[in-house]
Structures are given as structure tokens and as C-alpha cells.
Amino acid sequence: MFKRTLLTLPLAAVLGASLLSGCGDKKAETASAPAQQQVLRIGTNPTFAPFEFQSPNSSELTGFDMDLARALGKEMGRKVELVNLGFDGLIPALGAGNIDLAISGMTITEARKNAVDFSDPYYTAGLIIMVRPDDNRIKGINDLQGKKIGVQIGTTGANKALTIKGAEVKQFNNADEPNLELANKGVDAVINDQPVIAYYLVSQGGEGKGKMVGEIMEAELYGIAAKKGNQALIKQVNEALAALKKSGEYDKIYKKWFGA
């Protein structure tokens with residue numbers, strides 16, 4: 001009967017085949033479009049130069065983490081949308097499904113691993129103390145007892161400061177505010193990640209406003225966070241990160257921000 005219909009209705013068959021072919025193309029196009037255009041929403045707190053900060057010449061977010069996020073998205077075949085959030089709001093946003101990933105100089109800690117899943121480490125950092133240039137009283141962590149310390153809320157620098165006996169810890173929403181508070185003599189010292197303080201002193205107008213003292217404390221591993229249980233996405237991120245390292249793209253981004 002099927003052959004008969006084809007023989008008796010050649011024009012209808014041709015038209016039908018054409019229509020079916022068109023529908024098939026459209027379905028294929030629709031099926032492939034989400035994979036090509038699927039947005040990867042990545043949360044960050046852009047007050048942590050040189051990892052993430054507002055470009056002085058445009059509205060674009062820039063920094064080591066931002067370049068890495070875009071490179072990861074390209075490797076994964078997904079369009080990256082960067083979402084500006086407070087640092088202490090990143091993990092709740094992951095839990096609520098408002099963002100897919102968080103990349104914001106986030107140290108991998110046991111406490112955070114209870115709330116999110118982390119990628120393989122992508123950067124090793126450590127904490128350092130910054131004081132005013134004319135302050136020779138503070139030479140290390142032991143000299144901070146009873147002093148006022150400025151930190152960014154929710155960071156490992158804040159956690160470290162809170163362990164110092166008799167210290168008054170003033171917590172701020174971003175990494176810039178403690179530096180300003182130090183310059184205005186509102187705190188005696190700032191504790192933050194060494195590359196962040198170094199970049200502030202060299203490239204963000206901090207020259208003459210502070211100096212680093214003591215040794216780098218507690219080597220820290222930065223990771224990219226996803227919602228707890230989303231191991232499929234973490235696997236994709238790890239594979240993309242490994243591919244970027246193998247191709248040399250990771251080294252290219254690293255040298256751009258930190259040198260050889």
C-alpha cells in the first residue's frame with residue numbers, strides 16, 4: 001500500500017518528502033542549538049585583582065580567573081556569562097542553582113567541601129601580612145596580637161585573623177576596602193592572599209601605602225566550585241582544565257598575569 005501511494009501520488013510524495021526533510025533539518029538544528037549556545041553561568045566577586053576585577057577601561061571583568069573562565073567555556077563548547085556577586089554569596093548562589101560555577105580565588109577547604117564540589121586545583125597561593133610602610137612594629141603573625149586587622153569577609157585571610165589572640169578583626173565586603181582602611185589608619189594590618197597584595201602594591205596605586213612583612217603562610221589551593229553533587233560538571237571542568245594545560249593555553253594566561 002505504501003508503494004502504491006507513492007506511485008499514485010508522485011507529487012504528494014515529493015512534497016511530503018520535502019516537508020519531512022525540512023522538519024528533520026529543523027529538529028536537528030533545534031537539538032544541536034542548545035549544546036552550541038548553552039550558557040555557562042560563572043559567579044565571581046570582581047574585587048580580587050589580579051584574579052578578578054573591573055577593567056579600568058571598560059565594563060568588562062578581567063583578570064587571571066576571568067581569562068581562565070572564558071578559556072574553559074570555549075574548551076567546553078559553552079558560552080560564558082559572568083555573574084557579579086559578593087564573595088560570601090557565591091556558595092549560596094551555587095546551592096540555589098543561580099550560577100553553574102564559581103571561580104573567584106576560592107581556596108579549597110574542608111568546610112567548603114561540605115557545601116560544594118571543587119575542581120582540581122588550578123592555582124597555589126598563600127596568605128601574607130601587609131602593614132603601613134612606616135610601621136616597624138609588626139614583622140610577622142605573632143606581632144598581630146592585640147592589633148586591629150582588616151580582612152575580606154568569608155576568606156581564609158579572615159579565618160586566619162580570627163585565630164589571633166586579642167586581635168580586633170574588621171571584615172569588609174571586598175579586598176579593596178581593607179587596603180583603604182589601612183591607609184587611613186583604621187587598622188594596623190591587612191591579611192590577604194600574597195598575589196593579591198603584591199598586585200595592589202605594584203599595579204593598583206598601593207605603592208608607598210603598604211609593605212608586605214613576614215613569611216607566606218599556609219599554602220592554599222584555589223579551585224572552581226560547583227553545586228554539591230554535580231560531579232558531571234566538575235568532570236567536564238577538570239577535562240577542560242587538563243586540555244588547556246596540555247595545549248599551553250593555561251601557561252599563556254598565567255604568564256600574562258604573573259610572569260614566567
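The following exchange asks how several descriptions of this predicted model are reached.

Me: Why is H3 called roughly perpendicular to H9?
Reply: Helix H3 (residues 64-76) and helix H9 (residues 231-247) pack at an angle of about 105°, with their axes 9 Å apart. Angles from 65 to 115 degrees count as roughly perpendicular, and therefore H3 is roughly perpendicular to H9.

Me: Which residues make the contact between these two helices?
Reply: From H3 come Leu68, Ala71, Leu72, Glu75 and Met76. H9 contributes Leu233, Gln236, Val237, Ala240, Leu241, Ala243 and Leu244. Contact here requires heavy atoms within 4.5 Å.

Me: What makes up the contact of H3 with H9 by class?
Reply: The count is 10 nonpolar, 1 polar and 1 charged residues. Glu counts as charged, and Glu75 is among the H3 residues in the contact.

Me: What makes S2 and S4 the edges of their sheet?
Reply: The sheet is open, with 3 strands in the order S2-S3-S4 and antiparallel pairing. Strand S2 (47-48) and strand S4 (61-62) each have a single partner strand, so one side of each is left without a neighbour in the sheet.

Me: How do you know that S2 pairs with S3?
Reply: Pairing needs at least two bridges between the strands. S2 and strand S3 (residues 52-54) are joined by 2 bridges and run antiparallel, so the criterion of at least two is met. Phe48 stands opposite Glu52 in S3.

Me: What is notable in the backbone of the loop between S2 and S3?
Reply: Pro50 is found in that loop. The peptide bond from Ala49 to Pro50 is cis, with omega near 5°.

Me: Which strands are the edges of the sheet with 5 strands?
Reply: That open sheet has the order S10-S9-S11-S8-S12, with mixed pairing. Strand S10 (168-172) and strand S12 (211-222) are its edge strands, since each pairs on one side only. On average, neighbouring strands of this sheet are turned by 25° against each other, direction ignored.

Me: How do you know that S8 and S12 pair?
Reply: Between strand S8 (residues 123-131) and S12 there are 7 bridges, in the antiparallel sense. At least two bridges are required, so S8 and S12 count as a pair. Met130 stands opposite Met212 in S12.

Me: What is said of phi at Lys185?
Reply: Phi of Lys185 is near 65°, a positive value in a residue other than glycine. Lys185 lies in the loop between helix H7 (176-183) and strand S11 (189-193).

Me: How many cavities are there, and what lines the largest cavity?
Reply: The structure holds 3 cavities of 30 Å³ or more, and the largest has about 80 Å³ of space. Its lining includes Asn45, Phe48, Phe87, Arg112 and Asp193. By class, the lining divides into 2 nonpolar, 8 polar and 2 charged residues. Phe counts as nonpolar, and Phe48 and Phe87 are in the lining. Arg and Asp count as charged, and Arg112 and Asp193 are lining residues too.

How values were computed. Residues numbered from 1 in each chain as written. Predicted model: local features only at pLDDT ≥ 70, side-chain atom pairs only at ≥ 80, totals over all residues. Heavy atoms only, no water. Axes fitted to C-alpha atoms, helices over the stretch in contact; angles between N-to-C directions. Helix = DSSP H or I, 4+ residues; strand = E, 2+ residues; numbered from the N terminus. Parallel < 35°, antiparallel > 145°, perpendicular 65-115°, else oblique. 1 Å grid on protein atoms, 1.4 Å probe; cavity = no way out; pocket = protein on both sides within 12 Å on 5 of 7 lines; lining within 4 Å. Points joined across faces, edges and corners; volume = space filled by probe spheres on them.
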